[in-house]
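Load the model, switch to a cartoon view and keep the selection tool at hand. The stops below go from one part to the next.

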2 protein chains.
Amino acid sequence: VTDDQRGPRPPVVGMVGAGQLARMTCQAAIGLGIGFRVLAGTPDDSAALVCADTMTGDYTALPDLLAFARGCDVLTFDHEHVPGEHLAALERAAADKAGAGQSGPAVRPGGAALRYTQDKLAMRERLRAFGVPCPRHAPVTDLAAVSACAADWGWPIVLKAVTGGYDGRGVWVCGTPEEAAGVLAHPVVVFAEENVAFDAELAALVARSPHGQGAAYPVVQTVQRGGVCHEVLAPAPGLAAGRAREAQQMALELAAELDVTGLLAVELFAGPAGLLVNELAMRPHNSGHWTIEGARTSQFEQHLRAVLDLPLGDPWMAAPQAAMANVFGAASPDIFGRYEHVMAADPGVKVHLYGKQVRPGRKIGHVTVLGSDMAGLRSRARRAAAYLATGEEGE
Amino acid sequence: VTDDQRGPRPPVVGMVGAGQLARMTCQAAIGLGIGFRVLAGTPDDSAALVCADTMTGDYTALPDLLAFARGCDVLTFDHEHVPGEHLAALERAAADKAGAGQSGPAVRPGGAALRYTQDKLAMRERLRAFGVPCPRHAPVTDLAAVSACAADWGWPIVLKAVTGGYDGRGVWVCGTPEEAAGVLAHPVVVFAEENVAFDAELAALVARSPHGQGAAYPVVQTVQRGGVCHEVLAPAPGLAAGRAREAQQMALELAAELDVTGLLAVELFAGPAGLLVNELAMRPHNSGHWTIEGARTSQFEQHLRAVLDLPLGDPWMAAPQAAMANVFGAASPDIFGRYEHVMAADPGVKVHLYGKQVRPGRKIGHVTVLGSDMAGLRSRARRAAAYLATGEEGE
């Protein structure tokens with residue numbers, strides 16, 4: 001963003017995708033007073049319901065992306081599904097405009113970085129080349145190759161879709177050759193990974209600006225079920241300070257190495273072998289929702305500051321500890337009828353709903369509780385999330 | 001809000017007015033997942049720029065108000081300027097619909113309460129009748145009456161417009177009969193008030209729901225210049241705990257007595273004579289902007305919870321202390337060009353801009369700093385606000 005663009009007109013950030021990440025980024029943009037627009041698949045998308053500047057269109061269609069980009073100073077993303085060739089085209093369009101003395105929207109993060117969130121095999125290979133500890137992996141095309149991996153690493157073997165997986169989709173833990181054969185029968189390109197033993201899953205969230213400034217959030221523990229994040233505990237309970245610093249350092253170095261602009265979330269396994277990188281995301285991340293109230297600068301504001309190349313905000317905690325629990329849709333859709341109970345039972349719980357139609361298993365919101373007694377915070381967050389979803393207090 | 005309305009469709013709150021208070025309420029509504037719409041005078045109004053459900057119209061025109069109210073579950077207000085007869089008509093329309101078994105929007109706060117923010121003379125008389133300590137006052141229509149007040153209370157005498165004043169407008173501190181005569185020459189109905197000596201100006205912010213639940217924020221000190229709030233310090237430095245409780249209690253009792261639903265801000269003089277009530281507001285208030293980061297429940301979320309008759313949120317502080325400073329427009333409009341400096345100089349400062357065109361003296365944003373060293377927080381907030389406004393660090 002040049003000085004010209006930063007005149008009396010506020011800078012405009014366009015976010016491709018209009019899920020809950022865009023919705024919460026929209027809240028942060030309102031505070032900063034910048035322009036913010038979203039490219040939504042439908043007018044009912046979570047962010048489209050609340051963003052005053054919504055365009056509906058198809059993120060897989062280059063003309064829609066180019067139309068959306070017009071008038072934006074920066075383009076950024078709510079998800080990693082924009083085709084790589086379109087990212088390249090958007091970057092070329094911006095470079096051409098810059099060559100003509102005009103300013104086209106900067107694409108942040110750029111396609112070269114986003115590639116490593118779109119192609120998990122490429123990510124594994126790049127990380128390994130950079131010396132980052134990862135689970136062992138191998139490309140596989142048939143059962144013989146999978147069995148060869150298993151001979152080395154033992155069963156179960158994890159098969160992962162190279163592209164398109166998220167929230168547990170595209171990941172199969174195969175206990176037997178028969179199960180692996182079943183996965184290989186799908187028309188999906190997969191690779192094999194060892195099934196890592198771990199004590200906890202962690203996430204290290206950092207931001208990096210085009211200037212190269214970095215900021216690291218406290219490392220958190222994520223509690224997953226079926227590959228889906230259910231709870232986030234900040235900071236990760238029982239994590240040694242040295243190990244936490246190691247994770248932050250690794251995430252900051254990775255952000256620089258991959259030339260990430262904006263947020264980078266590094267999902268990690270912590271186990272007897274130390275830290276191993278599981279996944280990367282280059283956008284606001286479920287493991288950082290607690291930062292809305294729990295950190296001085298929320299991940300959503302931080303992402304906007306980073307992609308606008310503004311100085312980053314203080315990422316440190318606003319309370320000693322925070323617990324976040326996701327709210328998943330259940331059979332009964334009447335979530336607002338249950339507000340009364342949840343709010344009366346716990347005036348300190350912060351409820352975030354995403355405006356999504358309630359469908360069983362769908363992530364429709366989250367709750368955050370701050371304080372200094374992690375066991376208590378966690379139980380309060382779980383209880384509120386379970387009640388919102390089902391009208392019952394859960395475990 | 002009945003169970004019927006609270007079904008799968010989220011409840012819809014309509015806020016009349018689209019200034020910065022509506023803008024920040026919009027942010028809170030996004031988090032709660034409720035529907036939120038604003039009635040804006042122009043599409044460039046602060047909240048109209050960011051609210052996905054904006055209607056432009058005239059809040060002094062009953063047809064516009066009735067059209068806006070359609071589909072809302074609750075109507076509430078960003079300012080106190082909706083004519084009393086229109087408020088009464090909206091309440092009658094809701095009562096008629098209720099009589100017919102339908103649900104019309106509840107008006108919260110109601111016209112009977114809002115009257116005391118619209119007519120300052122009626123407010124003074126009602127407060128006095130309720131036994132609330134206030135500055136001495138008297139209706140005046142000519143200089144003889146003002147001079148009679150001055151004979152009792154001494155000069156200067158404060159003349160206040162009965163209706164329509166805000167942010168120092170409609171208040172004249174007259175040191176001499178000549179100055180008073182000059183004010184009386186205006187075509188404005190005024191009354192006289194003693195010029196109270198005070199050590200500090202305070203504000204007690206409370207919320208009250210239709211159920212009658214109340215919640216009180218910590219009492220703050222407001223620092224005014226020319227009748228305009230420049231800084232807010234939370235909690236009020238040096239305020240004795242007993243005095244703070246007295247102010248909170250008074251505000252809660254007043255909210256109940258006046259049947260306020262939503263927020264009530266009570267501006268107070270603290271001086272040798274104890275606490276005296278200066279002004280009332282029944283909406284989010286500049287003295288509560290610090291609650292966005294500084295309290296567990298922001299005043300904007302609290303107002304929405306109160307008018308929706310939901311259980312109120314925890315109003316307590318999220319940090320030991322908070323300092324807020326307003327940002328006023330200055331000669332140079334390039335506020336975004338100065339973001340870089342302010343954010344780099346102080347990564348912990350929280351900047352809020354309202355999307356308003358920069359005009360000298362216009363309130364265009366605010367900054368908040370949290371911590372535990374009030375002198376330092378105050379100086380950080382002042383410096384950031386001054387630099388954003390002018391490009392200079394101020395005092």
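Select Ile157(A): across from it, in β8(A), stands Cys174(A). This is a predicted model. Extend the selection to strand β7 of chain A, residues 157-161, which pairs with β8(A) in the antiparallel sense over 4 bridges.

Now show the whole sheet around this pair. It is an open sheet of 4 strands in chain A, with antiparallel pairing and the order β6-β9-β7-β8. Which strands stand at its edges? They are β6 (137-139) and β8 (171-174) of chain A; each has a single partner strand, so one side of each is left without a neighbour in the sheet. On average, neighbouring strands of this sheet are turned by 25° against each other, direction ignored.

Two helices come next. Select residues 143-153 of chain A for helix α6, which lies across β6, β7 and β9 (190-194) of that chain. Its direction is at about 135° to β7(A). Then select residues 177-184 of chain A for helix α7, lying across β7, β8 and β9 of chain A. The angle between α7(A) and β8(A) is about 155°.

Stay in chain A and select helix α3 (residues 84-99) together with helix α4 (residues 111-118). Their axes come within 10 Å and cross at roughly 165°. α3(A) and α4(A) are therefore roughly antiparallel to each other. The crossing of α3(A) past α4(A) is right-handed. To see the contact, show side chains for Gly84(A), Leu87(A) and Glu91(A) in α3(A), which meet Gly111(A), Leu114(A) and Gln118(A) in α4(A). By class, the residues of this contact are 2 nonpolar, 3 polar and 1 charged.

Next, display both chains. How many residues does the contact take from each chain? Chain B contributes 45 residues and chain A contributes 45 residues. The area buried between the two chains is about 3800 Å², and carbon and sulfur atoms give 56% of it. Pick out Ile30(B), Arg296(B) and Phe336(B): they supply 18% of the area that chain B buries against chain A, more than any other three residues.

Hide chain A and look for the sheet of chain B with 5 strands. This is an open sheet with parallel pairing, in the order β3-β2-β1-β4-β5. Its edge strands are β3 (54-56) and β5 (106-107) of chain B, each pairing on one side only. Select β2 of chain B, residues 35-40, which is joined to β3(B) by 3 bridges in the parallel sense. One residue to label is Ala40(B), whose bridge partner in β3(B) is Thr56(B).

Move on to helix α2 (residues 62-69) and helix α3 (residues 84-99) of chain B. The axes come within 10 Å and cross at roughly 40°. That makes α2(B) oblique to α3(B). α2(B) passes α3(B) in a right-handed crossing. Leu62(B), Leu65(B), Leu66(B) and Ala69(B) on the α2(B) side meet His86(B), Ala89(B), Leu90(B) and Ala93(B) of α3(B). The residues of this contact comprise 7 nonpolar, 1 polar and no charged.

For the last stop, select residues 111-118 and 120-129 of chain B, helices α4 and α5; the axes come within 5 Å and cross at roughly 110°. That makes α4(B) roughly perpendicular to α5(B). Arg115(B), Tyr116(B) and Gln118(B) in α4(B) meet Lys120(B), Ala122(B), Met123(B) and Arg126(B) in α5(B). Here the classes are 3 nonpolar, 1 polar and 3 charged residues.

Note on methods: Residues numbered from 1 in each chain as written. Chains lettered and ligands numbered in written order. Predicted model: local features only at pLDDT ≥ 70, side-chain atom pairs only at ≥ 80, totals over all residues. Heavy atoms only, no water. Pairing = 2+ DSSP bridges. Axes fitted to C-alpha atoms, helices over the stretch in contact; angles between N-to-C directions. Parallel < 35°, antiparallel > 145°, perpendicular 65-115°, else oblique. Left-handed = near helix turned anticlockwise from the far one by under 90°. Contact = heavy atoms within 4.5 Å. Nonpolar A, V, L, I, M, F, W, Y, C, P; charged D, E, K, R; others polar. Buried area = accessible area lost by both parts, 1.4 Å probe.
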